[in-house]
Amino acid sequence: MQEHNLASFRVLPVVTARDVASTVALSRALLAGGMRAIEITLRTEAALDAIAAVREEVPEMLVAAGTVTNPGELDQVVAAGVTLALSPGATDRLLAAATEAPLQFIPGVASASDVMRAMDHGMAVCKLFPATVVGGASMLKALGGPFPTMKFCPTGGLGADNFRDFLALPNVVCCGGSWMVTADLVDNGRWDDIERLAREAMS
């Protein structure tokens, strides 16, 4: 299983691919702003094609697959050459498949029981989701007590105004967010604004 230095990514931009061309363009803008990883979610028909295109055309960018919810989707992203995958939650079937897959898998958790299930399958990093809904920074501080070795990538409700509060927590290695790749920015081709927001997030 491949392990990535998630702390070096700082912020993982969560992208819903509308089409291949715009996803490649926004990836270039994010890279220009200093971001070296992108999470492309499997929420649209264009997702797998966009993952392949960004991997080929923006090779300096690590492409992660997001919203992986079952073993079949895990197989698809492995076939696409992805080495990092994330899920909004986790089932025993998905966790078992992930332990056998040649990639790093970050399961979504929303409770102590979820964390324990992930630990049973050897996971060292979990995605707290939806972070601000299930308690945000307070939840992460509480989970740090019983699970001192578990690291988290909180996602859901994070924005330019609060993500640094999460990154300051000792058990947070990186965080996910889409404030620098909103539909308005992407649909209107505001690549300069995307680059600026990425640079601000990385500074």
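This report describes selected helices, strands, loops and a pocket of the structure shown above, which is a predicted model.

**Two helices with a buried face**

Helix α6, which covers residues 136-144, has Gly136, Met139, Leu140 and Leu143 among its residues as buried positions. When α6 is viewed down its axis, these buried residues fall within an arc of 100 degrees, so they line one face of the helix. An α-helix has 3.6 residues a turn, so residues three or four places apart point the same way. On the face of α6 that is turned away from the buried side, the exposed residues are Ser138 and Lys141. The buried residues of α6 pack against two helices, α5 (112-120) and α7 (163-167), and against two strands, β7 (125-128) and β8 (151-152).

Helix α4, made up of residues 92-100, has Leu94, Leu95 and Ala98 buried. Seen down the axis of α4, its buried residues fall within an arc of 95 degrees, so they too line one face of their helix. The exposed residues Arg93 and Glu100 are carried on the face of α4 turned away from that buried side, while the cover over the buried residues includes α3, β5 (104-106) and α5.

**Strand β7 and its surroundings**

Val125 belongs to strand β7, and Val125 counts as buried because its relative accessible area is 10%, where the cut-off for buried is under 20%. Apart from residues up to four places away in sequence, Val125 touches Leu6, Gln104, Phe105, Ile106, Pro107, Met150, Lys151, Phe152, Cys153 and Val173. One of these partners, Phe105, is 20 residues away from Val125 in sequence, with a C-alpha to C-alpha distance of 8.3 Å.

Thr149 lies in the loop between α6 and β8, and at 63% relative accessibility Thr149 counts as exposed, the cut-off being over 50%. The C-alpha atoms of Thr149 and Val125 are separated by 9.1 Å, and the two residues are 24 places apart along the chain.

Two further features involve Phe129. Lys127 lies over the face of the Phe129 ring, at 5.2 Å from the ring centre, and the peptide bond from Phe129 to Pro130 is cis, with omega near -15 degrees. Pro130 itself is placed in the loop between β7 and α6.

**Strand β2 and the largest pocket**

Glu39 is found in strand β2 and is buried, with a relative accessible area of 1%. Leaving aside neighbours within four places in sequence, the contacts of Glu39 are Leu12, Pro13, Val14, Val15, Ala64, Ala65, Gly66, Thr67, Leu86 and Lys127.

The largest pocket holds about 290 Å³ of space. It is lined by 22 residues, of which the closest to the pocket centre are Val14, Val15, Thr16, Arg43 and Ser178. Strands β1 (11-15) and β2 (37-41), together with helix α8 (183-187), each supply at least two residues of this lining.

**Positive phi values and helix α7**

Two residues other than glycine have a positive phi, and the table sets them side by side.

| Residue | Phi | Location | Relative accessible area |
|---|---|---|---|
| Arg10 | near 65 degrees | segment before β1 | 23%, partly exposed |
| Thr67 | about 55 degrees | loop between β3 (62-66) and α3 (71-79) | 16%, buried |

Thr67 also appears among the contacts of Glu39, and Arg10 is one of the contacts of Leu167. Leu167 has its place in helix α7 and is buried, with a relative accessible area of 19%. Not counting neighbours within four places in sequence, Leu167 is in contact with Arg10, Val11, Val172, Cys174 and Cys175. The C-alpha atoms of Leu167 and Ser111, which are 56 residues apart along the chain, are separated by 20 Å.

Methods. Residues are numbered from 1 along each chain as its sequence is written. This is a predicted model: local features need pLDDT of at least 70, side-chain atom pairs count only at pLDDT 80 or more; totals for chains, interfaces and linings use all residues. Side-chain values use heavy atoms; hydrogens and water are left out. A charge sits over a ring if NZ of Lys or CZ of Arg is within 6 Å of the ring centre and within 35 degrees of the ring normal. Buried means under 20% relative accessible area, exposed over 50%, partly exposed in between (1.4 Å probe, protein chains only). Helices (H or I, at least four residues) and strands (E, at least two) are DSSP runs, numbered from the N terminus. The arc is that of the directions from the helix axis to the C-beta atoms. Contact means heavy atoms within 4.5 Å. On a 1 Å grid over the protein atoms alone, a cavity is a set of points where a 1.4 Å probe fits but cannot get out, and a pocket is an open set with protein on both sides within 12 Å along at least five of seven lines; lining residues have an atom within 4 Å of a point. Grid points are joined across faces, edges and corners, and a volume is the space filled by probe spheres set on the points.
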